[in-house]
Amino acid sequence: MMSIHIGAPSGAIAKRVLLPGDPLRAKHIAETFFEDAKLYNEIRGALGYTGTYKGVRVSVQGTGMGIPSIAIYVNELIKDYGARKLIRVGTCGAMHENINIRDIVIAQGTSTDSSIVRNIFGPTINFAPLADFSLLTKAVECAKKLNISAKVGNIITVDRFYDDDIDNDRLRRYGILAVEMEAAALYILAAQYRVQSLGIFTASDHLLTKEVVPAEERQTDFNDMVEIALETIIQD
Ligand code: HPA
């Protein structure tokens with residue numbers, strides 16, 4: 001039975017799922033890393049594929065940009081298709097002087113300006129969306145084994161890409177490493193449904209230096225991150 005936004009029969013999606021924002025990145029991951037990749041969804045162009053990586057069944061689903069979009073796909077992947085390990089592989093803006101463009105950032109936790117937390121917990125509780133500790137430690141080990149440096153810490157998931165009002169200096173002072181737009185929803189939904197989730201990012205731009213990774217170089221950085229994510233997600 002298909003879900004509202006994913007046109008796949010039940011059983012067509014693995015319990016391990018990578019989540020890029022860009023659907024064309026889902027296609028790239030399937031074509032570059034999977035064996036026997038099979039397209040299971042193209043509703044709204046949100047491409048999803050299932051294949052195997054080193055003999056383990058894995059899916060990749062494009063989520064679109066922002067919390068409302070990723071929340072739809074993650075809800076349906078978990079509730080309708082039985083996803084149990086979900087790793088977002090995305091780009092982020094580097095916020096901190098310790099992060100350079102092209103660096104890989106693993107989000108131990110994510111702060112957010114989104115109302116999603118308040119909508120669930122009300123005005124008194126500032127729930128802390130956290131990565132699954134086991135996926136987090138495995139990802140750090142995988143990065144080391146692959147000789148890819150990765151920084152671990154707190155990020156921020158924002159609702160506005162274009163935001164003239166946000167106080168980035170304060171966020172930086174409190175150690176926020178990077179900014180992106182989806183991880184908080186993933187971590188909160190994983191907590192709600194008691195599944196495992198993690199977010200891994202490559203810095204595509206820098207808010208301090210204004211540097212941007214040229215489009216043609218993004219794929220290489222992206223592949224390093226995907227390798228960490230796949231080596232992590234295939235473990236028990
Ligand atoms: N802001 C928000 N999300 C992002 C950015 C950014 O600068 N870069 C990549 N995703």
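Strand β5 gives the most to the shell around the ligand, with 3 residues; strands here are DSSP runs of E with at least two residues, numbered from the N terminus. The model is predicted, so that local features need pLDDT of at least 70 and side-chain atom pairs count only at pLDDT 80 or more, whereas totals for chains, interfaces and linings use all residues. Residues are numbered from 1 along each chain as its sequence is written, and side-chain values use heavy atoms, with hydrogens and water left out.

At least two residues of the shell come from each of β5 (85–94), β8 (178–180) and β9 (196–206). The residues around the ligand, taken as those with a heavy atom within 4 Å of it, are Thr91, Cys92, Gly93, Phe161, Val179, Glu180, Met181, Ser204, Asp205 and Leu207. By class, the shell comprises 5 nonpolar, 3 polar and 2 charged residues; Ala, Val, Leu, Ile, Met, Phe, Trp, Tyr, Cys and Pro count as nonpolar, Asp, Glu, Lys and Arg as charged, and the others, Gly among them, as polar.

Two pairs of atoms link the protein to nitrogen of the ligand. A polar side-chain atom of Asp205 lies 2.8 Å from a ligand nitrogen atom, and for a backbone N or O atom of Gly93 the distance to a nitrogen atom of the ligand is 3.2 Å. Of the 260 Å² that the ligand exposes when taken alone, the protein buries 88%, with accessible areas from the Shrake-Rupley method and a 1.4 Å probe. The space taken by the ligand is the largest pocket, a pocket being an open set of points on a 1 Å grid over the protein atoms alone, with protein on both sides within 12 Å along at least five of seven lines.

Strand pairing, which requires at least two DSSP bridges between two strands, was also examined. Strand β6 (residues 104–112) pairs with strand β7 (residues 150–157) in the parallel sense over 8 bridges, and Ile106 has Val152 of β7 as its bridge partner. β6 and β9 run antiparallel and are joined by 3 bridges; the partner of Ile104 in β9 is Thr202.

Strands β2 (residues 35–41) and β3 (residues 48–53) likewise run antiparallel, with 4 bridges between them. Lys38 stands opposite Thr50 in β3. The hairpin of β2 and β3 has 6 residues between the strands, and in it Arg44 takes a positive phi near 60 degrees.

Key. Polar contact = N/O pair within 3.5 Å; in protein donor to acceptor, adjacent residues only side chain to side chain. 1 Å grid on protein atoms, 1.4 Å probe; cavity = no way out; pocket = protein on both sides within 12 Å on 5 of 7 lines; lining within 4 Å. Sits in = over half its atoms within 2 Å of the grid points.
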